[in-house]
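Please follow this walk through a structure, which goes from a surface patch to strands and helices and ends with charged pairs.

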Amino acid sequence: MMDAGADGAPLIDLAGVTKVFGIGDIAVHALQGIDLQIRRGEFVAIMGPSGSGKSTAMNILGCLDQPSGGHYRFDGVEVGALNRDQRALLRRHFLGFVFQGYNLLSRTTAVENVELPLIYQGYARAERRAEALSALQRVGLAGRELHDPSELSGGQQQRVAIARAIVTQPEVLLADEPTGNLDTARGREIMDLITTLNRDEGLTVVMVTHDTDMAGYAHRIVRFRDGQIERVDAP
Amino acid sequence: MMLIEASRLAMQAIVRNAFRSILTVLGVVIGVAAVIAMVAIGQGTTAEVTSQVSELGSDLLLIEPGSIVHSGPPRPAAPFSDRDVDAIRRQITGLDTVSPLVARSATLIFGNRNWVSTVQGVEAPYLDVVNYSLAAGRFFQDGELRSGLPVCVLGATPKTELFGNGDPIGASIRIRQMSCRVIGVLEAKGASLGQDRDDLVLTPLRTMQRRIAGSQDVDMIFATVRDPAAIARVQADIEALLRERRRIGPQEEDDFDVADMKEIATMLGDITTILTGLLAALAAISLLVGGIGIMNIMLVSVTERTREIGIRLAIGATSAQVLLQFLVEAVALSVIGGVIGIALGLGLAWGVTDWLGVPMVVDPRIIVLAFLFSAAVGVVFGFVPARRAARLDPIEALRHE
């Protein structure tokens with residue numbers, strides 16, 4: 001049961017993407033020609049050892065960083081041609097981020113954390129609150145809306161982070177080791193939640209993980225090694 | 001829309017670090033309070049001086065040995081004498097009254113009470129010249145003035161200190177070694193410019209010279225002119241006469257001063273202006289220091305909240321929005337400082353003007369100016385930290401511990 005857009009052009013299209021840090025002798029070639037297409041509604045896991053370039057690739061996918069060479073087209077838009085603020089707008093409207101360390105604002109309630117992206121979208125207060133409450137409900141945190149992150153467990157904090165990522169109805173959820181700080185049981189709960197969002201709401205998911213079990217939830221597993229894609233597996 | 005959100009965020013950040021915020025804005029508080037208080041006190045003092053001077057009238061000349069108006073250190077100068085007063089009376093035309101004065105500090109004793117006050121030896125026109133009136137009893141009669149009889153008129157303060165609510169008329173008090181009969185009491189005038197205007201005792205000039213001062217010297221002469229339009233001419237005539245009598249050569253400067261009230265008002269106004277300017281400069285330095293304090297704490301805040309900035313950038317905040325957030329926070333801090341400073345300054349001005357006995361003059365333009373200035377301090381000193389926040393690399397910022 002794939003999204004209608006799956007038949008058309010890929011949502012994410014990396015073609016010969018390279019990334020070089022530094023110059024001359026000390027230059028590090030973090031990515032050495034990445035070709036990767038991801039269609040709407042796909043769930044892709046990225047695996048690979050430390051230093052294999054998967055984080056760099058995620059930063060580029062998330063429009064937080066620019067490729068040094070090659071092309072990155074997001075829904076047909078050449079991201080390399082966008083300036084800093086245009087990329088911010090792209091992130092604001094089309095991307096949702098989930099991090100290993102949750103990255104919630106401390107001393108800020110769960111619902112206020114979830115409201116944050118809507119502030120930048122210019123939502124009115126009441127509307128913002130309603131959307132945030134509904135997102136928290138979708139991740140199973142009804143009743144915890146007014147708790148500070150410090151009053152929530154790791155799993156609950158990650159749910160808040162997921163609610164914050166999906167409250168703007170993004171095209172893509174970019175998850176960087178979302179279960180890395182959680183025990184296996186909590187990790188599975190988070191993976192179930194992400195899988196549900198992918199399956200029921202057609203949310204495209206790109207997830208970096210070290211954990212083969214977690215990668216097993218994805219449709220495809222892209223394996224990085226030494227700045228290149230080593231191979232693509234089905235789980 | 002974003003401005004409202006930014007203000008809300010700023011207030012949150014300020015309240016979360018309430019103690020630090022208060023310390024941060026202290027410089028601005030002190031600067032603004034100083035400006036408000038100084039200007040209000042300065043203007044109040046000027047208003048009081050102006051009203052006192054105009055009360056004395058535009059027809060009054062004040063003749064004193066030494067120099068009060070001209071710049072430079074005060075020079076010792078011989079006092080005037082009775083003969084100088086007579087010469088002015090006889091030789092200067094256009095004068096209405098001439099009223100010499102000798103003043104000494106002295107202890108007054110009545111029964112077991114005593115009080116140190118200023119005793120002024122005066123002649124008949126004095127009450128009119130300085131605008132005092134009698135509350136009870138009478139003033140000196142010609143015979144008392146001519147013979148130098150031991151009689152006195154009490155100011156309201158020594159009257160209260162020595163007699164309380166009792167009636168002093170007819171009572172006998174001691175001024176230094178002299179026993180003296182009280183014949184009148186002056187109407188109270190209240191304090192002004194930090195001075196109690198009721199703390200004085202009047203005696204006839206002769207009495208003062210013979211029995212207290214022990215010389216024919218005269219400390220000061222008040223002269224009123226008949227036609228205020230001719231005051232400059234009369235002033236010049238008195239100066240010429242006194243130069244001749246005091247044998248001052250053509251090249252030498254006066255060792256006395258003949259001043260009209262306008263001159264004195266100008267001089268006092270100048271002093272007030274200089275003081276106000278000096279204190280305003282101090283206030284400006286305080287504001288500058290306050291601004292640097294705000295910049296410092298905002299830089300700390302940006303560093304502390306690097307990860308927060310990274311999160312905001314990742315979820316789609318533009319650089320301009322991050323800049324605005326931190327700029328608004330700096331402005332909010334300095335404006336809070338400004339408002340506290342204005343309140344404190346007005347309170348201070350109220351206290352000091354009350355103590356000095358001058359009216360409190362509040363110029364609303366100064367308050368608006370102080371407010372705008374404190375906001376400007378926030379913009380100027382908040383800009384660098386805010387720009388630093390806006391320029392952060394989101395990847396680096398998210399990695400920041």
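## From surface patch to salt bridges

In this predicted model, B:Ile271, B:Ile274, B:Leu275, B:Leu278, B:Leu279, B:Leu282, B:Ile285 and B:Val289 together make a nonpolar surface patch of about 740 Å². One of these residues, B:Leu275, belongs to helix α9 of chain B, which covers residues 261-304. With a relative accessibility of 48%, B:Leu275 is classed as partly exposed, because the exposed class begins only over 50%. As background to the numbering of such a patch, an α-helix has 3.6 residues a turn, so residues three or four places apart point the same way.

A contrast in cover is offered by strand β8 of chain A, residues 204-208, where 5 of 5 residues are buried. The cover extends to both faces of β8(A), since A:Thr204, A:Val206 and A:Val208 on one side are buried, as are A:Val205 and A:Met207 on the other.

Which strands pair with β8(A)? Strand β3 of chain A, residues 43-47, pairs with β8(A) in the parallel sense over 4 bridges, and within this pairing A:Val44 has A:Val206 as its bridge partner. Strand β7 of chain A, residues 172-176, also runs parallel to β8(A) and is joined to it by 5 bridges, with A:Val172 standing opposite A:Thr204. The connection from β7(A) to β8(A) involves a helix as well: β7(A), helix α6 of chain A (residues 184-201) and β8(A) make a β-α-β unit that is right-handed.

Chain A also holds an open sheet of 4 strands, in the order β2-β1-β4-β5, with antiparallel pairing. The edges of this sheet are taken by β2 (28-38) and β5 (77-78) of chain A, and because each has a single partner strand, one side of each is left without a neighbour in the sheet. For β5(A) the partner is strand β4 of chain A, residues 69-74, and the two pair in the antiparallel sense over 2 bridges. In this pairing A:Phe74 stands opposite A:Val77 of β5(A). In general terms, strands of a sheet pair through backbone hydrogen bonds, either parallel or antiparallel.

Turning back to chain B, helix α8 spans residues 231-245, and its 15 residues reach 21 Å from the first C-alpha to the last, close to the 21 Å expected at 1.5 Å a residue. The buried residues in α8(B) are B:Ile231, B:Val234, B:Gln235, B:Ile238, B:Leu241, B:Leu242 and B:Arg243, a list that includes B:Gln235 and B:Arg243 alongside B:Ile231 and B:Leu242. After α8(B) comes B:Arg247, which has a positive phi, near 55°.

The remaining theme is charge pairing, for which the count over all chains comes to 34 salt bridges. One of them joins the side chains of A:Arg40 and A:Glu171, at 3.1 Å from N to O. This pair links distant parts of the chain, 131 residues apart, with A:Arg40 in the loop between β2 and β3 of chain A and A:Glu171 in the loop between α5 (154-166) and β7 of chain A. A:Glu171 has a relative accessible area of 23% and is therefore partly exposed.

Another salt bridge in chain A is formed by A:Asp233 and A:Arg231, whose closest N and O atoms are 3.1 Å apart. Are its two partners buried or partly exposed? A:Asp233 counts as buried because its relative accessibility is 18%, whereas A:Arg231, at 42%, counts as partly exposed.

In chain B, the side chains of B:Arg206 and B:Asp82 meet in a salt bridge with an N to O distance of 3.6 Å. Because B:Arg206 lies in helix α7 (residues 205-213) of chain B and B:Asp82 in helix α3 (residues 82-91) of chain B, the pair ties together parts that are 124 residues apart in sequence. B:Arg206 is partly exposed at 24% relative accessibility, while B:Asp82 is buried, with a relative accessible area of 14%.

Salt bridges that share partners also form one network, made up of A:Glu115, A:Arg128, A:Arg129, B:Glu5 and B:Arg8. Within it, A:Arg128 is found in helix α4 of chain A, residues 125-138, and is buried, with a relative accessible area of 0%. A:Arg128 and A:Glu115 are 13 residues apart along the chain, and their C-alpha atoms are separated by 6.0 Å.

Terms used. Residues numbered from 1 in each chain as written. Chains lettered and ligands numbered in written order. Predicted model: local features only at pLDDT ≥ 70, side-chain atom pairs only at ≥ 80, totals over all residues. Heavy atoms only, no water. Patch = residues over 30% accessible without salt bridge, like charges linked within 9 Å, V, L, I, M, F, W, Y side chains within 5 Å. Areas by Shrake-Rupley, 256 points an atom, 1.4 Å probe, with all protein chains shown as cover. Salt bridge = Lys/Arg side-chain N within 4 Å of Asp/Glu carboxyl O. Buried < 20%, exposed > 50% of the residue type's maximum accessible area, 1.4 Å probe, protein only. Pairing = 2+ DSSP bridges. Right-handed = clockwise from strand over helix to strand, strands pointing away. Expected span 1.5 Å × (residues − 1).
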